[in-house]
Amino acid sequence: MAAKSVQRVIILSPAHPLRGGIASSTERLAQELQQQGSEVVILSFSLQYPKLLFPGKTQYTTDPAPNELDIRPVINSINPLNWLKVGRQLAQLQPDLIISRFWLPFMGPALGTILRTAKKRTPAISIGITDNVTPHEQRPGDKALTRYYLGGCDGFIVMSKSVEEDIRKFTSLQPVAYTPHPIYDNYGPISSRKAALQQLGLPEGQRYLLFFGFIREYKGLDLLLQAMALPQVRSLRLQLIVAGEFYGPEAPYRQMVEDLGIAEAVIFRSSYIPKEEVGLYFAAADLVVQPYKTATQSGISQLAFHFEKPMVVTDVGGLPEIVRHGEEGYVVPITPQAIGNAISDFYAHGREADMTKAVRTGKARFDWSHMASKIREMYQRLKTPNS
């Protein structure tokens, strides 16, 4: 029998007007929980990152606010007095369930203190959705900050099995449940290729690959650029669209393009992509490439599923759990040669139609109802541990 809905849920997470995948997916989760009968309040950040620590141009989106969500920007990530205040406010809301999103050790002190303060004043169950436990770019003190956050949770939802393994390096006490990252189905309908190319100002007679999202070293854009220079890929006369804001130096990538002699094959759209334009880039592309050097799960894969695009992903973290090799795309070693071979195979053997059909069918695996159900099951398990 399916678990009943939880009456009152408080979510600690970035949300509108903060931008990014975690904010967007939290809003979508809140909508799903509301549709299934829960009352939901999102306690977001009044200050998420100090400007000194934020690598992008802005933390805020100009997209319209999501409909019918109660979002309260109250958390200051660097003010301990604020953490105590928010913890007390959270308890006064009398939640049945507290869900917190954790993606970076920097957030450990704020979220951990809020959870501990609230739990002293309410019997609410605390579940952490851990996007990452071990960060892609590690720093001294990360383990202590992460451990402090984890100690404020009764159980965890993970979206890749590698994150579950990381949690078990810290604790064997709290239960962990796995469910794949749901699709980003809140980015609008699928556009036609012709209309997308017109709006993006790109010629129709060209074939396009897409690298999408914030650009950081671990995402392996350098590997993809090297793959673009391989003879078997160069002969296809493709163009690679690099769409996203650089969260690090941009110049080395542009210099690599020049050094490899592939300037005519790479289109940089190096800025944050507004929500209403995201679908255009996916509609324009034949294949989405994620050449990551490390990963847990990826929202880009779930955008590709929503927009029904085959993928090339590297064999890291949870990516092989998402993309079925040879059906919905390719899972390859972390080398330019392997990435290039997959791209070449896709075009040389006319894989687009079959792989697109497989993606269209496979996206049902990632419906938001699955995550909502997993949360309810974890809540009931923690509420009645001996049942």
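The legends below describe close-up views of a predicted model. Local features are restricted to pLDDT of at least 70 and side-chain atom pairs to pLDDT 80 or more, whereas totals for chains, interfaces and linings use all residues. Residues are numbered from 1 along each chain as its sequence is written, and side-chain values use heavy atoms, with hydrogens and water left out.

**View 1. The two domains of the protein chain and their contact.** Domain 1 comprises residues 7-182 + 367-383 and domain 2 comprises residues 193-365; these bounds come from an automatic or database domain assignment. The C-alpha centres of the two domains are 30 Å apart. Domain 1 contributes 23 residues to the contact and domain 2 contributes 25 residues, contact meaning heavy atoms within 4.5 Å. About 1900 Å² is buried between the domains, 47% of it from carbon and sulfur atoms. Buried area is the accessible area (1.4 Å probe) that two parts lose on being put together, summed over both.

**View 2. Polar and charged pairs across the interface of domain 1 and domain 2.** One salt bridge is found across this interface, the term denoting a side-chain nitrogen of Lys or Arg within 4 Å of a carboxyl oxygen of Asp or Glu. The side chains of R19 and E245 form a salt bridge with an N to O distance of 2.5 Å. Seven residue pairs are in polar contact across the interface, both residues being at pLDDT 80 or more. A polar contact is a pair of N or O atoms within 3.5 Å; within protein, one must be able to donate a hydrogen and the other to accept it, and residues adjacent in sequence count only if both atoms are side-chain atoms. On the side of domain 1 that touches domain 2, helix 5 (residues 161-168) gives the most, with three residues. Helices (H or I, at least four residues) and strands (E, at least two) are DSSP runs, numbered from the N terminus.

**View 3. Surroundings of G318.** G318 is located in the loop between strand 12 (311-314) and helix 12 (319-322). With a relative accessible area of 1%, G318 is buried; buried means under 20% relative accessible area, exposed over 50%, and partly exposed in between (1.4 Å probe, protein chains only). Leaving aside residues up to four places away in sequence, G318 touches S160, S162, A295 and T296. The C-alpha atoms of G318 and S162 are separated by 6.3 Å, although these residues are 156 residues apart along the chain.

**View 4. Helix 10 and its covering elements.** Helix 10 (residues 275-284) is largely enclosed by the rest of the structure, because seven of its 10 residues are buried. These buried residues are V278, G279, L280, Y281, F282, A283 and A284. Among the elements that cover them are helix 6 (193-200), strand 8 (208-212), strand 9 (239-243), strand 10 (266-269), strand 11 (287-290) and helix 11 (299-306).

**View 5. The salt-bridge network of R28, E32 and D185.** E32 and R28 form a salt bridge whose closest N and O atoms are 3.4 Å apart. Both residues lie in helix 1 (residues 21-35), four residues apart, so they are separated by about one helical turn. E32 is buried at 7% relative accessibility, and R28 is buried at 12%.

**View 6. Salt bridges between partly exposed residues.** The side chains of D70 and R72 meet at 2.8 Å, N to O, in a salt bridge. D70 is partly exposed at 30% relative accessibility, as is R72 at 31%. E250 and R254 form a salt bridge through their side chains at 2.7 Å, N to O. The relative accessibility of E250 is 25%.
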